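Visitor: I am new to this structure, and I would be grateful for a close look at a single part of it, the place where two strands lie side by side. Please explain the terms as you go, and then set that part within the rest of the chain.

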Amino acid sequence: MTADTSPPAPAGDGRPGPGRSRLIRGRLRRGGASERMRILSIGGRAIRVSVRESSPGWPPLLLCNGIGASMELFQPFIDALDQRRGIIRFDMPGIGGSPAPVLPYHLATSAPLLAGLLDQLGCPQADVLGISWGGGLAQQFALSRPDRVRRLVLVATAPGALMVPGHPRVLLRMLTPRRHRDPGYAARIAGELYGGSARKDPIVARDLLHATTRLGPARGYFYQLVSTIGWTSLPLLPLLRRRPTLIMAGDDDPIIPVVNARIMHRLIPRSELHIYHGGHLELAADAERLAPVVEAFLTERS
């Protein structure tokens, strides 16, 4: 079943003001009280992992984050999901609380990292959600190990090198981790870089990037950046036809133009497409609106 949903912005969507910023900061600081944080060694790499156990009959949801962002960025989205749903989230090597690897890595060879993570947690299969850079990782995992992925959710992402790029000025800002290290700079560029609600309330974007999140070494960001060189999923996307896939994209995303989601939807048979009003960070900035879309997809009958 395919669906292209382009609803108008609900009342109050993207609203500016200190109330929304306080709400985001409160959720980020509260964190997941029921989650267990640990460091796991997978393939010789130390990975910081957080796990919220599933209720019986609920498959866990494995979250793959965007470039340079630690797992805390997901907190508002996790809070908006059904509390019976198990959550597995982690920091990529050199990001957040995960030590940087000695050598760089490539996205095409990263699927064993996720498979090893699920192995250590005793999960034969999981639902997988990837946002932005993490959407590329989620695609690679689903293509390499389809037996480990029950359902796939791709948010604000693209098929890699063969994609419709954002504005060159926006892409230049992505070449450094400065926005993750300088809160003032993050607020100044938030609207231009992330679009959506960040245009009206850049403080929300700043808080998502900085409130209690962990800052890894600078080389961790650059390793993650170069890991995508030459990588693309475009010719392989039809192979995902047996994996229920939801593609979500904002209509105002300067980093990943919405046309990329439409292309992926055309190439993945029976995928669902949900286009929402907003930008690159809306999954966390407006989780109350978007989490129910993900929940409905994960719980619907095949």
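Guide: Two strands are said to pair if DSSP finds at least two bridges between them, and strands (E, at least two residues) and helices (H or I, at least four) are DSSP runs numbered from the N terminus. What you see is a predicted model, in which local features need a pLDDT of at least 70 and side-chain atom pairs count only at 80 or more, while totals for chains, interfaces and linings use all residues. Residues are numbered from 1 along each chain as its sequence is written, and side-chain values use heavy atoms, with hydrogens and water left out.

The part to look at is formed by strand β8, residues 245–250, and strand β9, which run parallel to each other and are joined over 5 bridges. Within this pair, Ile 247 is found opposite Leu 273 of β9. Helix α10, residues 259–267, belongs to the picture too, for β8, α10 and β9 together make a right-handed β-α-β unit; right-handed here says that, with the strands pointing away from the viewer, the path from the first strand over the helix to the second runs clockwise.

How many of the residues of β9 are buried? Strand β9 spans residues 272–276, and 5 of its 5 residues are buried, a word that stands for under 20% relative accessible area, whereas exposed is over 50% and partly exposed lies in between (1.4 Å probe, protein chains only). In a regular strand the side chains alternate between the two faces of the sheet. In β9, Glu 272, His 274 and Tyr 276 point one way, while Leu 273 and Ile 275 point the other way, and all of them are buried.

Elsewhere in the chain, helix α3 is also mostly covered, with 7 of the 10 residues in its span of 111–120 buried. Those residues are Ala 111, Leu 113, Leu 114, Ala 115, Gly 116, Leu 117 and Leu 118, and they pack against several elements, among them the strands β2 (36–42), β3 (45–52) and β6 (126–131) and the helix α4 (133–144). Just after α3, Gly 122 has a positive phi of about 70 degrees.

A contrasting residue is Leu 225 in helix α9, residues 218–226, which counts as partly exposed because its relative accessibility is 23%. Leaving aside residues up to four places away in sequence, Leu 225 touches Ile 67, Met 174 and Leu 175, where a contact means heavy atoms within 4.5 Å. Leu 225 and Tyr 105 are 120 residues apart along the chain, yet their C-alpha atoms are separated by 9.9 Å.

Seen as a whole, the protein has 12 helices and 9 strands, and 56% of its 302 residues count as buried. Of the contacts between residues at least 6 apart in sequence, 77% join residues at least 24 apart. As for confidence, which pLDDT gives for each residue from 0 to 100, the mean is 90, and 88% of the residues reach 70 or more. Over residues 6–17, however, the pLDDT is below 50, and this stretch has 16 contacts in the model beyond near neighbours in sequence.

Conventions:
pLDDT = per-residue confidence, 0-100.
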